[in-house]
Amino acid sequence: MKQLLAVFAIVFSSIAIAQPNSNKDVRNGSVSGRVLDAELKEPIPYANIVVKDAKEKVLTGGITSGDGTFTIEKIPEGAIIVEVTFIGYKTITKQETIGRGNYNIRMGDIFLEEESSSLDEVTIVADVSTIQQKVDRKVITIGKDLQTAGATASEIMNNLPSVSVDQQSGAISLRGNQNVVVMIDGKLSNISADQLLKQIPTTSIKSIELITNPSAKYNPEGMSGIINIVLHKNTMIGFNGNLNVSLAYDIEPKFNSSIDANYRNGKVNLYGSYNNGVIKNVNYGNLIRTEQEVEQRFNILDDNQSHLFKIGLDYYINDKNTFSFFTNQNIFDGGADVTTTIVFFNNPALNESQAILGENENDSQQYNLNFKHDFDKEGHNIELEVDYNAFEGLANVDNAFFSAQRPDFFEITDTDRERTTVNLDYVNPLSETTKVEAGLQARLFESNLFYESDGREQNILGEYIPTTTQFDYTRDIYSAYATYSKQFEKWSYQVGLRAENVNVDSDALRIDLSTNEELIIPFENDYFELYPSAFFTYSPSEKNSYQLSYSRRIDRPGVDQVNPLPQFNTALVSQFGNQELLPQFTNSLEVNYTRQLKKGSITAGIFYRIIEDEIQQAVLIDRADPNRLILTNLNFDNTYAYGVEVSSNYRPTKWWSINASFDVFSQTQKSIAEVFDTNGDIVLNTFEVDNVALNFRAFNNFKVSKSLSFSAFGMYRGENRNVQFDMKDMLMVNLGMRYTFLDGKANFNLSYNDIFDTMFARFSSDRPFVQNGQFNWESQQITGRLSYRFGGGKYRAKSRKRRDNDEKSGGGGFF
């Protein structure tokens, strides 16, 4: 704030300069000097120099150059106060007098000492994670305690309030709903969320924001909201970096390593990072159809290798203009070795085994340009950002059958996706209590998929035929938004509106290679929508705060949901997309209350959602094989969901801290399922599922000494019903240890998850068959991780404001 005030003072210095008298013989003087770091004895560029008169009225000012020097001229005679400030340092104040024989004051070297509290943002990670309720989001700051919970972002998600990760598919959900947008530093990626989260080490994460009711400034995707992962940003002077290695083991090993470094000198900050993972995961389980007396058993081995590279440059043109560029490069090579066995209890001669060997290679690139200009008025700025993502993937699947019931076949899927986003944002604080924000955005998305099989499908004669399908999908979104906020003594509000025009165009071309018969299925969907938002905050005291918010959102079908190509195939189940699937809309209302306690805080809230044209899964019977099921998605009537959430962070003693959360939610889901009637005919049934689910989490951190701490985490996930299965409850207890050495530069973490071996999925269903099953994964992992921080930099460069008030990918991050 002092830095911004100084800039404000410089701009209006011609008005603020006070004349000592009207004597024509009065001379103006000057002050000069050099500002240095007190410990490193290195120059500090862009430090603020403010010159005041004896009554502390601002006369003029300036900033230091790249070598830390400054010269302030045209200072009138008289007693003056010279104030030297820089973010992260204690302010230096010196009194001088300009007069006869002393018109050019040389102050020499001025040494600034660091503010210890400000270093937490740069080099010190807090011991204990904190949960903070803001107007439109819940912010979980990741401390050293949560870093022991796992090696990757995916592993710590289950530790967060209202968040859960499906251990089978890797899908992430918020408030029991998987229609959530996952962002890294406020940006989307062409990489799938489950793959992306497994590639980001926990040591790179600064905070995780749960934005359950985003304002009009945000893109309106995601029915349940946005999960934004904010990475650490390092722009310290000199050469600095971090090195991390981790190894986890249960049945198979999982190795992660990462290194990031930056060099900051003067106006330039150059940074880069590399992260790699060599991970094997084992999953196994079974599914029993009790009435048909048939069981499907499966064993899955995933073997994945990934490499992420990032390099970027920040150029601080001057105090008002900043230019930055970065690129991310991701290389992924994965494979799955799946064995499924169909066992017929009453007729073993029909038993069937299938071996599925899959390979998946994909590369993605991201290129980001950003330019920001600060106007003279504090907080008044305009920012232009261009972001381009490209994704190329190739998946090969060989299916081998150890029976005479059908021949072997292979499947190939080739994927190309491109996303271009252009943002123009403008912020104008009309007064100290009023602010206007506006912006324009264009998002251009294109996906091209090619699928080929040499004999997956049967024709009307029962012959397995080769087919190819080309699926092209484009979606262009043009939007504009504006928000207005006003703050009173105890009240504040923000209202906003976002307008979007959407053009969707898709074509599916299907070719029967045995006859060369072509089938073209076109689909278009163009629509215009308005998305209002409103936030109200009331703070009667420092200890109490109330928030009320409303927003309208959309959940657009993903490419997988509209892609008519098969998502997966097993002997009993296949899944396809629905090309004509329409978006669903959500009107969301939230009320939150936050109470500051003497040793912590507690936040409680309720939410209510009305969902229009709800997207849900449908279960159909394969006409070619009545024993097989087809899963797809359809639009249904309007429905609703509501819930209650409570979270708290509390420190009973200096050595013990607790982060705990509890949530319960209810949602009505509609779907359809095909079943056999008493005559053996297939009939279509529509049904409703009322689901009430509760979750509880508690994270305890015990600090033994300055260097040693232990953690214990417990989670209970209650029974959960959805349109396909009834999921049984689950329980998990994890233990962790953290040791710091080498003067705080190195850390060793050791964790043991699911110590009682209670974390596995049990499920049952009545539609379209009575069935039950269980799914297991490597939950009892032991993980060791070593982290080392290197470099000698001690202070930060001038920071830029962040788009949407979030940290941007501007340096030292991994994505």
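Which residue in S7 is the bridge partner of Ser32? To find out, keep in mind that the model on your screen is a predicted one, and begin by selecting strand S1, which covers residues 29-37. Then add S7 to the selection, and you will see that Ser32 has Arg106 as its bridge partner in that strand. The two strands, S1 and S7, run parallel and are joined by seven bridges.

**The three-stranded sheet**

Now extend the selection to strand S4, residues 69-75, so that you have the whole open sheet, whose three strands follow the order S4-S1-S7 with mixed pairing. Strand S4 and strand S7, the latter spanning 104-112, are the edge strands, and each of them pairs on one side only. If you look from one strand to the next, the twist averages 20 degrees.

**The four-stranded sheet**

Next, clear the view and select strands S3, S2, S5 and S6, which in that order make up an open sheet with antiparallel pairing. At its edges you will find strand S3 (58-63) and strand S6 (92-98), each of which pairs on one side only. Neighbouring strands in this sheet are turned against each other by 20 degrees on average, with direction ignored. For a closer look, keep strand S5, residues 78-85, together with S6: this pair is antiparallel and is connected over seven bridges. Within the pair, Gly78 stands opposite Ile98 in S6.

**Two nonpolar cores**

Moving on, select Met157, Val163, Ile172, Ile205, Ile208, Ile227 and Ile229, which have the most contacts inside the largest nonpolar core, a group of 23 residues. Several elements each supply at least two residues of this core, including helix H4 (153-156), strand S10 (163-165), helix H5 (193-197), strand S13 (205-211) and strand S14 (225-231). Apart from this core lies another one, of 21 residues, and you can locate it by selecting Leu59, Val84, Met107 and Leu112, which are among its members.

**The whole protein**

Finally, show the complete protein, which has 815 residues, 52% of them counted as buried. Coloured by secondary structure, the protein comes to six helices and 44 strands. If you turn to a surface display, the protein exposes about 35900 Å², of which carbon and sulfur atoms supply 55%. As a last point, consider the contacts in the protein with a separation of 6 or more: residues 24 or more positions apart account for 66% of these.

Methods: Residues numbered from 1 in each chain as written. Predicted model: local features only at pLDDT ≥ 70, side-chain atom pairs only at ≥ 80, totals over all residues. Heavy atoms only, no water. Pairing = 2+ DSSP bridges. Axes fitted to C-alpha atoms, helices over the stretch in contact; angles between N-to-C directions. Core = buried A, V, L, I, M, F, W, Y, C linked by side-chain atoms within 4.5 Å. Buried < 20%, exposed > 50% of the residue type's maximum accessible area, 1.4 Å probe, protein only. Contact = heavy atoms within 4.5 Å. Areas by Shrake-Rupley, 256 points an atom, 1.4 Å probe, with all protein chains shown as cover.
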